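Student: Please take a close look at one part of this model. Keep it brisk, and give the cut-offs as you go.

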Amino acid sequence: MARSWAELLGDEDGPEETAEQQRGVFGRLRESLGKSRRALTGELAAATFDPGNEEDWERLEEALIRGDVGVRATAELIRRLEARGELGDLGEALAEEIADLLGEPATLNVSAKPSVILVVGVNGTGKTTTIGKLAQKLREHDRSVLLGAADTFRAAAEEQLEIWAKRAQADFVGAPHGADPAAVAYDAVEAARARGHDVAIVDTAGRLHTQSNLMEELAKVRRVIESRLEGAPHETLLVVDATTGQNGLQQARLFGESAGVTGVALTKLDGSAKGGVAVAIAYELGLPVKLIGVGEGLDDLRPFDPHDFARALVAG
Amino acid sequence: MFDTLSDKLQATLGDLRGKGRLDDEQISKAMREIRLALLEADVNFQVVKDFVAQVRERATGQDVLKSLTPGQQVVKIVHEELTALMGSGGSRLAFGKPPTVILMAGLQGSGKTTTSAKLALHLRKAGKNPALVAADLQRPAAIDQLEQLGRQIQIPVYRKDTQDPVEVVKYALQAATSAGNDVVIVDTAGRLHVDEALMDELVRVRDAAKPMNVLLVLDAMTGQEAVNVAEAFQERVAFDGVVLTKLDGDARGGAALSVRQVTGKPIKYVSVGEKLDQLEEFHPDRMASRILGMGDVLTLIEKAEAAVEEDEQEAMEARMRSGQFTFDDFLSAQKMLKRMGPIQGVLKMIPGLGNQLKDVDIDERQLARVEAIVLSMTPQERRMPHLINGSRRQRIAAGSGQTIQDVNKLLTARKQMEKMMKQMGKGKMPTLPQQMTKAGRR
């Protein structure tokens with residue numbers, strides 16, 4: 001059974017998720033990871049895998065690299081498999097080890113009222129879209145939501161978020177193009193508190209993690225949120241595009257330093273991209289994936305389940 | 001974290017300068033390092049395999065040049081091969097009977113809309129009269145975004161309220177023809193290459209637009225998936241070239257090599273910043289250096305040249321030679337540095353230095369704080385720093401929001417700097433002030 005929203009949000013119960021919704025996502029994930037699955041099983045020829053054969057190990061290594069798992073995490077997985085001695089079913093064993101690297105299923109910390117979620121990432125990963133969908137999901141789970149448009153840089157970013165706010169029936173705090181993003185964050189937190197909202201989600205401008213002035217700006221946004229509300233931001237989500245290669249590690253590292261990232265939202269998994277960089281990020285930085293985006297539809301933003309993901313990545 | 005490949009090879013092969021040929025064992029070791037370096041740079045794994053085999057063949061039995069270490073020798077071969085691979089094929093756009101249509105395609109978030117505007121600006125600078133077409137009807141507010149960008153650079157944006165991008169294109173072509181635009185750049189919706197319906201739509205847009213150039217916009221951070229993306233777009237819309245975006249980050253950009261190798265299509269432009277004039281032509285040798293993590297002297301030199309206006313530079317040099325370094329000089333030096341981009345990035349481009357500096361965190365915030373201190377001085381104080389006494393220091397500290405100690409440190413640093421200038425003026429090699437090298441260490 002895939003992880004449900006209620007579990008992610010730490011609710012006792014929530015709106016019943018239809019079997020269709022749950023199977024739907026797993027099916028979709030399988031479908032989207034299908035190429036990788038074929039690649040892996042094809043590469044591995046898991047049934048005939050011979051632990052005594054150097055070439056078989058090499059093929060396994062290549063398959064993982066091909067999935068963007070990265071050199072270091074791949075080496076670790078191989079080391080663990082070798083240490084097992086008796087492998088049994090290779091696909092099964094590999095999925096277990098990948099799930100282990102990914103860590104325990106995470107929760108989204110939204111228990112405080114209001115809770116503040118800060119959303120950060122490089123340009124074009126899907127921050128605004130992810131926020132729009134998350135807002136709708138939170139709304140379905142009986143939270144009133146406010147969206148703060150602290151992306152005051154990209155042309156029409158505010159308009160884009162406002163459209164999502166309307167769709168999700170969320171409250172909205174915006175600012176003119178070029179305004180100070182920290183001031184917008186301030187207003188959003190204040191408004192969420194004054195109007196009694198449960199969750200405030202703050203969108204920020206996409207920025208490359210190498211631009212230290214923009215990263216400093218982000219750190220300021222975070223400081224302002226911290227100073228307005230004890231314990232906030234309760235979550236800082238880094239949105240990572242699943243097509244990203246090993247640069248995803250640098251993103252996680254540097255956004256972590258500036259903004260104190262608490263989790264990753266892995267988007268665009270509906271392509272043939274495997275999103276293996278999430279394994280690298282979890283292994284090298286210990287940062288959990290909390291959400292995955294597997295399509296354009298509203299229900300395609302899902303809680304992340306390490307076992308599902310690992311199984312879909314390896315064996316389908 | 002990015003040890004340069006040449007340093008790694010140096011460590012693996014040792015210093016066998018001028019001691020004959022590369023033997024098999026050395027070459028095997030070197031090839032392992034090269035393979036890892038390319039994989040970490042996100043070059044597609046099959047491309048890596050083929051490439052390494054090719055390089056191995058070339059390296060086998062080569063004499064080690066007297067001037068090079070074996071490591072450098074191998075790097076030289078790899079660099080040459082990479083450059084050759086990425087370099088062949090034209091990088092120019094094709095122009096025909098006006099209006100020449102350029103169709104932009106790519107995944108969501110690769111940077112199509114911004115790149116469209118950048119390309120329009122670039123072409124206008126080259127004497128064209130371009131127009132933009134807002135054919136992304138999928139993403140909320142995408143049209144607004146393009147219109148705002150168009151306003152910034154005063155280039156017309158054609159749009160039409162419809163659900164069908166083909167209609168937008170048809171209308172825009174008419175409008176462009178009657179307005180006398182000789183180039184039309186069509187921004188399309190981002191789409192996944194596995195999304196059949198949207199890929200079909202793209203084909204219809206292409207058929208209606210009849211572009212002379214179809215450009216695939218590709219994020220430099222793309223991983224192993226780049227090959228699948230490129231192949232799918234190649235098959236459906238047969239693109240003519242690639243625009244590689246977000247190269248101002250620290251991604252090594254191995255996707256560039258993969259796509260070139262798999263589709264044979266050249267990279268035509270690279271996008272190196274968020275500002276609309278930050279679109280550059282593609283230089284294969286620089287890309288090769290970048291993928292190998294080797295620094296990039298050429299780009300550095302060019303950046304420096306562009307950043308410093310000549311008379312400004314001469315004036316500064318003259319003052320430096322005379323051993324003067326006032327806070328005004330300090331401000332203009334800082335301005336020049338800033339124009340060259342993030343300092344860490346600039347330093348990384350200097351081969352050899354990138355590795356030395358890997359633990360040194362050049363803190364640009366520190367520079368900003370220093371600038372604040374200088375800006376809190378009066379013009380007179382900037383010209384004549386010796387005037388700055390205790391009460392002035394207090395005022396400057398308060399004005400810049402820094403402590404008196406910070407102000408003192410800066411005053412000392414300037415003195416050291418001036419001393420250094422004097423030494424240089426006398427033709428001696430200066431020793432770097434302690435503070436400068438120490439301050440940034442984590």
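Which strands of chain A does α11(A) lie across, and at about what angle does it run to β5(A)?

Tutor: α11(A) lies across β1, β5 (235-241) and β6 (263-267) of chain A, and it runs at about 160° to β5(A). Helices (H or I, at least four residues) and strands (E, at least two) are DSSP runs, numbered from the N terminus. Axes are lines fitted to C-alpha atoms, for helices over the stretch in contact, and angles run from 0 to 180 degrees between N-to-C directions. Contact means C-beta atoms, placed from the backbone, within 7 Å.

The model is predicted: local features need pLDDT of at least 70, side-chain atom pairs count only at pLDDT 80 or more, and totals for chains, interfaces and linings use all residues. Residues are numbered from 1 along each chain as its sequence is written, and chains are lettered from A and ligands numbered from 1 in the order in which they are written.

Now the sheet itself. In chain A, 8 strands form an open sheet in the order β3-β2-β4-β1-β5-β6-β7-β8, with mixed pairing. Its edges are β3 and β8 (301-303) of chain A, each paired on one side only. Two strands pair if DSSP finds at least two bridges between them. On average, neighbouring strands are turned by 25° against each other, direction ignored. α10(A) packs on this sheet, touching β1 (115-120), β2 and β4 of chain A, and its direction makes about 180° with that of β1(A).

Take β2(A) next. This strand spans residues 145-150, and 6 of its 6 residues are buried. Buried means 20 or more other C-beta atoms within 10 Å of the residue's own; exposed means 12 or fewer, and partly exposed lies in between, with C-beta atoms placed from the backbone. In a regular strand, side chains alternate between the two faces of the sheet. Here A:V145, A:L147 and A:A149 are buried on one side, and A:L146, A:G148 and A:A150 are buried on the other.

β2(A) has partners to name. It runs parallel to β4 (residues 199-204) of chain A, joined by 6 bridges. A:L146 has A:A200 as its bridge partner in β4(A). With β3 (residues 171-173) of chain A, β2(A) pairs in the parallel sense over 3 bridges. There A:L147 stands opposite A:F172, and A:G148 stands opposite A:V173.

A:L147 also matters for the core count. The largest nonpolar core has 187 residues, and A:L147 is among those that touch the most other members, along with A:I98, A:I201, B:V133 and B:V186. Such a core is a set of buried Ala, Val, Leu, Ile, Met, Phe, Trp, Tyr and Cys residues joined through C-beta atoms within 7 Å.

Back to α10(A). The helix covers residues 212-228, 17 in number, and reaches 24 Å from first C-alpha to last, close to the 24 Å expected at 1.5 Å a residue. The expected span is 1.5 Å times one less than the number of residues. Its buried residues include A:L214, A:L218, A:V221 and A:I225.

Finally, the chain contact. It takes 38 residues from chain A and 35 residues from chain B. α4 (54-66), α8 (157-167), α10 and α11 (247-259) of chain A each supply at least two residues to chain A's side. α8(A) gives the most, with 4 residues.

Terms used
Two residues are in contact if their C-beta atoms, placed from the backbone, lie within 7 Å.
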